[in-house]
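Let's take a friendly walk through a protein together. Have the sequence and the 3D view ready, and follow along one element at a time.

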Amino acid sequence: MNYDMDEIERKADQYEIERKRDSAKVISDWVERQAEYNPDMVRLEPREYFDECVIGTAHRINLSVLCYDVIDILLMLQNKMGMTGEEAEEHFQYNIEGSYMGEHSPVFLNQIIKG
């Protein structure tokens, strides 16, 4: 049997694009539900980019905030906003992590890379 490897790769790429789009929609819908439950919760803008960097919520007594993954944010800044790695780190440190957005400001997770 002959397989058209180019066609298989195109279909695999299309599948990956659709899977990412579906995943982004699931995350965005989840974030929207969280925002309905807690309307004071701060979301980073533009939401269509930053929502996919949300990995959950963090809680303390009488307060829930969104939790964003730092690596996802840095990659998003590079891939969707055209920044270099250095620009993305600087932008994150000064304009996102370094800004206080009130009591309901999001938190940022730096995960341990287990090797």
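Strand β2 is mostly covered: seven of its seven residues are buried. Keep in mind as you look that this is a predicted model. Strand β2 takes in residues 63-69, and three bridges join it to β3, with the two strands running parallel. Its pairing with β1 is of the antiparallel sense, and there you can count six bridges.

Now put these pairings together. The three strands make an open sheet in the order β1-β2-β3, and the pairing is mixed. Strands β1 (54-60) and β3 stand at the edges with a single partner strand each, so one side of each has no neighbour in the sheet. From one strand to the next, the twist averages 35°. Helix α3, made of residues 70-81, packs on this sheet and touches β1, β2 and β3. The direction of helix α3 makes about 55° with that of β2.

Let's look at some individual partners. Across the antiparallel pair, V54 stands opposite Y68 in β2, and H59 stands opposite S64 in β2. The hairpin of β1 and β2 has two residues between the strands, and N62 takes a positive phi near 60° there. On the other side of the story, Y68 has F108 as its bridge partner in β3. When you follow a strand with your eye, it helps to know that side chains in a regular strand alternate between the two faces of the sheet.

Residue F108 leads us to the aromatic rings. A pair of aromatic rings is described by the distance of the centres and the angle of the planes. How many aromatic pairs does the count come to? The count comes to two aromatic pairs. In one of them, the rings of F92 and F108 have centres 5.4 Å apart and planes at 90°, so this pair is edge-to-face. The pair links distant parts of the chain, since F92 sits in helix α4 and F108 in strand β3, 16 residues apart. Together, Y68, F92 and F108 form one aromatic cluster. Is F92 buried or exposed? With a relative accessible area of 4%, F92 falls under the 20% cut-off, so F92 is buried.

Next, move to the loop between α4 (85-97) and β3 (107-109), where you will find S105. The relative accessibility of S105 is 13%, so this residue counts as buried. What does the side chain of S105 reach? It reaches the backbone nitrogen of M101, at 2.8 Å. Setting aside residues up to four places away in sequence, S105 touches V42, V65 and Y100.

Another loop is worth a visit: the one between α2 (47-50) and β1, which holds D51. Residue D51 has a relative accessible area of 3%, so it is buried. The side chains of D51 and R43 are joined by a polar contact of 2.4 Å. Leaving aside neighbours within four places in sequence, the residues in contact with D51 are I27, S28, V31 and R43.

What about the cysteines? C53 has 2% relative accessibility and so counts as buried. C67, at 11% relative accessibility, counts as buried too. A search of the whole structure for disulfides finds zero.

Finally, step back and view the whole chain. The protein has four helices and three strands, and from the N terminus on its elements run α-α-β-β-α-α-β. Try tracing that order on your screen. Of the 115 residues in the protein, buried residues make up 30%. Think next about contacts between residues at least 6 apart in sequence: 52% of these join residues at least 24 apart. The pair of F92 and F108 that you met earlier has a separation of 16 residues.

How values were computed:
Residues are numbered from 1 along each chain as its sequence is written. This is a predicted model: local features need pLDDT of at least 70, side-chain atom pairs count only at pLDDT 80 or more; totals for chains, interfaces and linings use all residues. Side-chain values use heavy atoms; hydrogens and water are left out. Buried means under 20% relative accessible area, exposed over 50%, partly exposed in between (1.4 Å probe, protein chains only). A polar contact is a pair of N or O atoms within 3.5 Å; within protein, one must be able to donate a hydrogen and the other to accept it, and residues adjacent in sequence count only if both atoms are side-chain atoms. Contact means heavy atoms within 4.5 Å. Rings of Phe, Tyr and Trp (its six-membered ring) pair if their centres lie within 6.5 Å; planes under 30 degrees apart count as stacked, over 60 as edge-to-face and the rest as tilted. Two strands pair if DSSP finds at least two bridges between them. Axes are lines fitted to C-alpha atoms, for helices over the stretch in contact, and angles run from 0 to 180 degrees between N-to-C directions. A disulfide is a pair of cysteine sulfur atoms within 2.5 Å.
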